[in-house]
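Okay, thanks everyone for squeezing in. I'll put a structure up on the screen and walk you through it.

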Amino acid sequence: MADHTRTPWKHGSRGNGRFVVYGGEGVHGKAICVMRSTQVDPWDHPLNLEADANAAFIVRACNSYDELLAALHRINGYLCEMVSPEHADGHPGQENCLLCQALEVAYAAIAKAKGETPCGA
């Protein structure tokens, strides 16, 4: 599988209800994806505003992906250091243990971000 276009990405409008996510070098780089609104005019029509907001959301999510994943790995590492040996083999009341729940959520989020299947899913 090929690597994605390097971040940072940006977004803009090409007019006529087209909103583009750009990446790569140059003023606009290359178009990564184009969202098309069914409403061309006026600019502030709700469908145009939604398409622009979707493009902006994609850019924010992709541009922050590496940092968020690194932070989650770091937090997960701290949680693992806090785990006692009894946690490794399970313990009474594990289903109500906040540390166990936090680790489960962290593992699932990391797997989802990497496109993997979380353990136990």
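I'll go from the overall layout to the sheet, then to one residue, and finish with a helix.

So, first thing to say: this is a predicted model. The protein chain has 3 helices and 3 strands, and if you follow it from the N terminus, the elements come in the order β-β-β-α-α-α. There are 121 residues, and 22% of them count as buried. The accessible surface adds up to about 8,700 Å², with carbon and sulfur atoms owning 58% of that. One more overall number: take the contacts between residues at least 6 apart in sequence, and 33% of those join residues at least 24 apart.

Now the sheet. It's an open one, 3 strands in the order 1-2-3, and the pairing is antiparallel. Strand 1, which is 10–15, and strand 3, which is 30–36, are the edges, each with a partner on one side only. From one strand to the next, the twist averages 30 degrees. For anyone rusty on this, strands of a sheet pair through backbone hydrogen bonds, either parallel or antiparallel.

Let's go through the pairs. Strand 1 and strand 2 are joined over 5 bridges, and between them sits a hairpin turn of 2 residues. Have a look at Asn-16 in that turn: its phi is positive, about 55 degrees. If you want landmarks on this pair, Gly-15 is across from Arg-18 in strand 2, and His-11 is across from Val-21.

Then on the other side, strand 2, residues 18–23, pairs with strand 3 over 6 bridges, antiparallel again. Here the landmarks are Gly-23, whose bridge partner in strand 3 is Lys-30, and Val-20, which is matched with Val-34. What packs on this sheet? That's helix 1, residues 46–82, and it touches strand 1, strand 2 and strand 3. Its direction makes about 10 degrees with that of strand 2. And how covered is strand 2? Mostly: 5 of its 6 residues are buried.

To see that packing up close, zoom in on Ala-55, over in helix 1. Is Ala-55 buried or exposed? Its relative accessibility is 0%, so it counts as buried. Leaving out residues up to four places away in sequence, Ala-55 touches His-11, Phe-19, Val-21 and Met-35. You'll remember two of those, His-11 and Val-21, as the pair standing opposite each other. Also, Tyr-22 is 33 residues from Ala-55 along the chain, yet their C-alpha atoms are separated by 9.6 Å.

Last stop, helix 3, residues 98–113. That's 16 residues reaching 22 Å from the first C-alpha to the last, close to the 22 Å expected at 1.5 Å a residue. Which residues are buried in helix 3? They are Leu-99, Cys-100, Leu-103, Ala-106, Ile-110 and Ala-111. Look down the axis of helix 3 and those buried residues fall within an arc of 130 degrees, so they line one face. Turn to the face pointing away from that buried side and you find exposed residues: Leu-98, Glu-104, Val-105 and Lys-112. Then, just after helix 3, Gly-115 has a positive phi of about 75 degrees.

If you take a picture home, make it helix 1 lying on the sheet and touching strand 1, strand 2 and strand 3, with Ala-55 buried at 0% relative accessibility. Okay, over to you.

Technical notes: Residues are numbered from 1 along each chain as its sequence is written. This is a predicted model: local features need pLDDT of at least 70, side-chain atom pairs count only at pLDDT 80 or more; totals for chains, interfaces and linings use all residues. Side-chain values use heavy atoms; hydrogens and water are left out. Helices (H or I, at least four residues) and strands (E, at least two) are DSSP runs, numbered from the N terminus. The expected span of a helix is 1.5 Å times one less than its number of residues. Buried means under 20% relative accessible area, exposed over 50%, partly exposed in between (1.4 Å probe, protein chains only). The arc is that of the directions from the helix axis to the C-beta atoms. Two strands pair if DSSP finds at least two bridges between them. Axes are lines fitted to C-alpha atoms, for helices over the stretch in contact, and angles run from 0 to 180 degrees between N-to-C directions. Contact means heavy atoms within 4.5 Å. Accessible areas come from the Shrake-Rupley method with a 1.4 Å probe; for residues, only the protein chains shown count as cover.
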